[in-house]
Amino acid sequence: MLMCFFCKKGGVGKTTATGEYACYLTTMGKRVLVISIDDQNSLFEMFGLSSKVFERDDNYLEHFVNGVCTTDDVLIPLRENLYGVKTLNTDMLSKKLTLERSFERNFISAIGQLQDGFDFVFFDLPPSSNRTTEVLLERTDLLMLIVELNKLGINGFYNTLQYFVDNDLPLERIRYILPNGYTKTKAVPGVALKELKKLISENVPHAKLLPLMPEKSIFLSLQQKGVTLFDEDVSLLTTYEKTQKKSVMDTMAGIFDTIEIEQ
Ligand SMILES: Nc1ncnc2c1ncn2[C@@H]1O[C@H](COP(=O)(O)OP(=O)(O)O)[C@@H](O)[C@H]1O
Ligand SMILES: [Mg+2]
């Protein structure tokens with residue numbers, strides 16, 4: 001099953017949601033692969049494994065698509081039953097996909113090969129428009145948009161819907177919408193949520209609005225330590241972080257449980 005996490009705006013929590021959901025699924029006994037289409041490869045940071053991105057320069061997704069490295073080379077272990085794939089240059093990849101018809105077939109077939117042995121393949125997409133993103137959005141089984149709950153986040157959501165229309169991607173493909181950054185103590189997220197609900201009912205009424213992802217400092221503090229919410233080892237955490245982690249983990253599990261995944 002292929003799943004894309006997308007928004008035409010950066011810094012909204014795409015990588016965070018993708019990585020945490022991937023981790024959560026491994027705790028449910030699934031095998032998950034996360035392919036970073038964002039060539040910043042920030043996915044590896046949240047697992048404390050950014051060194052893996054620079055350790056070798058011959059095992060990027062592009063090398064695998066071109067047949068110059070093997071599955072064993074390209075799959076980077078992140079956790080038990082969880083692997084990552086890094087990408088070198090999304091612009092170059094997209095240029096090749098635009099110019100060479102046959103390359104699109106190679107690309108799709110490479111993704112198919114990587115999919116073997118995994119229950120889920122996630123794509124952590126960049127906010128920029130490119131052909132790679134379009135090819136994947138056309139083929140994904142499940143598509144989730146992440147929306148940051150503030151004025152700019154709502155604009156980003158609107159731009160994302162516009163992007164679908166401009167690129168002839170059916171809006172019906174948008175299955176889930178995850179609102180990120182909710183807090184009761186501020187007015188902004190509540191106002192944004194109201195606006196988001198209105199835009200959903202007007203443009204993508206079939207899409208399911210997921211429970212709210214809370215705004216919590218724990219996301220950043222865990223990412224700086226290279227630890228995820230669902231990691232069992234808490235030896236690196238302060239007492240405050242342990243408490244915060246527990247409550248956020250329960251909320252996140254509630255969000256992820258709402259996603260219906262058929263296989
Ligand atoms: N719910 C949240 N509360 C607090 N910080 C968050 C939350 N979600 C994401 N962040 C932080 O926001 C930053 C951007 O998140 P990231 O997942 O990298 O976004 P994107 O992949 O969309 O660019 C990161 O530093 C992350 O720790
Ligand atoms: Mg990202």
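Ligand 1 is surrounded by 14 residues, each with a heavy atom within 4 Å of the ligand. The closest are Gly11, Thr16, Asn180, Pro214 and Gln223. This is a predicted model: local features need pLDDT of at least 70, side-chain atom pairs count only at pLDDT 80 or more, and totals for chains, interfaces and linings use all residues. Residues are numbered from 1 along each chain as written, and side-chain values use heavy atoms, without hydrogens or water.

**Ligand shell**
- By class, the shell around ligand 1 has four nonpolar, seven polar and three charged residues; Gly counts as polar.
- Helix 1 (14-27) and helix 11 (218-225) each supply at least two shell residues. Helices are DSSP runs (H or I, at least four residues), numbered from the N terminus.

**Polar contacts** (N or O pairs within 3.5 Å)
- The side chain of threonine 16 places an N or O atom 2.6 Å from an oxygen atom of ligand 1.
- For the side chain of glutamine 223, the N or O atom is 2.7 Å from a ligand 1 oxygen.
- Glycine 13 uses a backbone N or O atom, 3.0 Å from an oxygen atom of ligand 1.
- Taken alone, ligand 1 exposes 560 Å², and the protein buries 76% of that (Shrake-Rupley, 1.4 Å probe).

**Salt bridges**
- The structure holds 15 salt bridges (Lys or Arg side-chain nitrogen within 4 Å of an Asp or Glu carboxyl oxygen).
- Arginine 79 pairs with aspartate 231 in one of them, with the closest N and O atoms 2.8 Å apart.
- Arginine 79 lies in strand 3 (residues 76-79) and aspartate 231 in the loop between helix 11 and helix 12 (239-258), so the pair ties together parts 152 residues apart in sequence. Strands are DSSP E runs of at least two residues.

Technical notes. Chains lettered and ligands numbered in written order. Polar contact = N/O pair within 3.5 Å; in protein donor to acceptor, adjacent residues only side chain to side chain.
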